[in-house]
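The following exercises ask the reader to work through a protein fold step by step. Each task is followed by a worked solution.

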Amino acid sequence: RVLADIFAKSWMARYIPGTLPWIASRVVLAESTGISKSRLATASLLEAIVQVVAIAATAALIMSFDDRVAAAFGANTRALVIIGIVALGVLLVPAVFNRLIRGAYRLVRGHDAYAELSANAAASSRSFIRYALGSLISGLSYCCLVLAVWPATETGDLWFIIGIVNLAAAIGMATPFVPSGMGTRDASLLVLLALVIPKEAALLVTVLSRLWSVGVDLLFLGAANALAKENEN
């Protein structure tokens with residue numbers, strides 16, 4: 001419960017430009033729990049990479065079976081997306097990730113990192129699977145939003161919409177110095193949704209999806225905070 005409260009509060013730091021505030025706030029908030037700062041920073045960085053790769057990979061897998069993306073953005077679009085995901089996926093390989101972490105630690109601290117500052121295959125794979133499954137559930141919630149705005153949406157397009165939502169989310173998370181992917185995520189979602197529903201409906205869904213996302217974050221924060229207070233009592 002304590003960690004859930006810390007994660008919820010640090011998650012809100014996504015609305016501050018850049019990736020560093022999100023990770024730094026988690027490290028500062030967790031300091032009182034006795035968790036190693038370096039270990040928590042390493043885990044948070046791994047989580048960020050896993051999250052982007054898992055969501056993007058899920059989206060690419062779903063959208064690779066649909067020709068609309070290639071028709072709208074060019075025949076090479078699908079290949080470029082897959083290459084980008086593979087490139088990010090390489091960072092999840094423990095040997096690569098650990099070498100980068102140790103190199104960064106040596107650069108900042110001037111000496112080698114502790115053995116605890118490393119990832120393993122089990123942690124990376126479990127996180128990847130859970131984020132991939134979570135992206136499907138999140139995508140379904142946005143399908144309900146699309147149906148509420150445009151009831152005439154074809155049932156066969158709902159699976160494609162899940163891919164659209166997740167690809168836009170991955171683009172937003174991978175964009176540095178942008179709070180919560182604002183702008184990049186929304187623009188991507190608007191353009192991609194216009195392949196499925198009218199542009200006016202796509203614009204409304206994009207605006208509502210941003211409000212929906214903020215509402216879910218606040219709900220997570222409130223629930224986690226309530227659990228933490230109950231734990232104190």
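Two residues are in contact when heavy atoms of theirs lie within 4.5 Å. The model used throughout is predicted.

**Exercise 1. Determine which residues P94 touches beyond its sequence neighbours, and place P94 in the fold.**

Step 1. P94 belongs to helix 6, which covers residues 94-109.

Step 2. With residues up to four places away in sequence left out, P94 touches A119, N120 and A121.

Step 3. A C-alpha to C-alpha distance can be added for another pair: P94 and A123 are 9.5 Å apart in space and 29 residues apart in sequence.

Step 4. The relative accessible area of P94 is 21%, so P94 is classed as partly exposed, given that buried means under 20%.

**Exercise 2. Describe the overall architecture: how many helices and strands does the protein have?**

Step 1. The protein contains ten helices and zero strands. Along the sequence the pattern reads α-α-α-α-α-α-α-α-α-α.

Step 2. Of its 233 residues, 39% count as buried.

Step 3. Consider contacts between residues at least 6 apart in sequence: 67% of them join residues at least 24 apart.

Step 4. The exposed surface amounts to about 12,500 Å², and carbon and sulfur atoms supply 69% of this area.

**Exercise 3. Analyse helix 3: how does its span relate to the expected value, and how many of its residues are buried?**

Step 1. Helix 3 has 27 residues, and the distance from its first C-alpha to its last is 39 Å. This is close to the 39 Å expected at 1.5 Å a residue.

Step 2. Burial is counted next: 20 of the 27 residues of helix 3 are buried, so helix 3 is largely enclosed by the rest of the structure.

**Exercise 4. Identify the residues at the centre of contacts in the largest nonpolar core, and state which helices supply this core.**

Step 1. The largest nonpolar core has 25 residues. Those that touch the most other members are M63, I161, I164, L193, I197 and V205.

Step 2. At least two residues of this core come from each of helix 3 (37-63), helix 7 (121-149), helix 8 (158-174), helix 9 (184-193) and helix 10 (199-232).

Step 3. Helix 8 provides the largest share, eight residues.

Step 4. I197 serves as an example. Neighbours within four places in sequence aside, I197 is in contact with V146, W150, T153, A202 and V205.

Step 5. As a general background, nonpolar side chains in soluble globular proteins tend to be buried together.

**Exercise 5. Contrast the core with the surface: which residues make a nonpolar patch of about 440 Å²?**

Step 1. The patch is made by L203, L204, V207, L208 and L211.

Step 2. Take L204, which is found in helix 10. Its relative accessible area is 43%, and L204 is therefore partly exposed.

**Exercise 6. Examine helix 1: which of its residues are buried, and what covers them?**

Step 1. Helix 1 spans residues 2-11, and its buried residues are D5, I6, A8, S10 and W11.

Step 2. The cover over these buried residues includes helix 2 (20-29), helix 3 and helix 10.

Step 3. D5 also forms a salt bridge with K9, with the closest N and O atoms 3.2 Å apart. The two residues are four places apart in helix 1, so about one helical turn separates D5 from K9.

Step 4. The partners differ in exposure class: D5 is buried at a relative accessible area of 9%, whereas K9 is partly exposed at 36%.

**Exercise 7. Survey the salt bridges: how many are found in the whole structure, and which parts of the chain do R26 and E47 link?**

Step 1. The search of the whole structure finds four salt bridges.

Step 2. The side chains of R26 and E47 form one, at 2.5 Å from N to O. This pair links distant parts of the chain, with R26 in helix 2 and E47 in helix 3, 21 residues apart. Both residues are buried.

Step 3. A further salt bridge joins the side chains of D186 and R210, at 3.4 Å from N to O. Because D186 lies in helix 9 and R210 in helix 10, the pair ties together parts 24 residues apart in sequence.

Step 4. D186 is buried with a relative accessible area of 17%, and R210 counts as buried at 10%.

Step 5. R185, D186 and R210 are linked in a network of salt bridges.

Technical notes: Residues numbered from 1 in each chain as written. Predicted model: local features only at pLDDT ≥ 70, side-chain atom pairs only at ≥ 80, totals over all residues. Heavy atoms only, no water. Core = buried A, V, L, I, M, F, W, Y, C linked by side-chain atoms within 4.5 Å. Buried < 20%, exposed > 50% of the residue type's maximum accessible area, 1.4 Å probe, protein only. Patch = residues over 30% accessible without salt bridge, like charges linked within 9 Å, V, L, I, M, F, W, Y side chains within 5 Å. Areas by Shrake-Rupley, 256 points an atom, 1.4 Å probe, with all protein chains shown as cover. Expected span 1.5 Å × (residues − 1).
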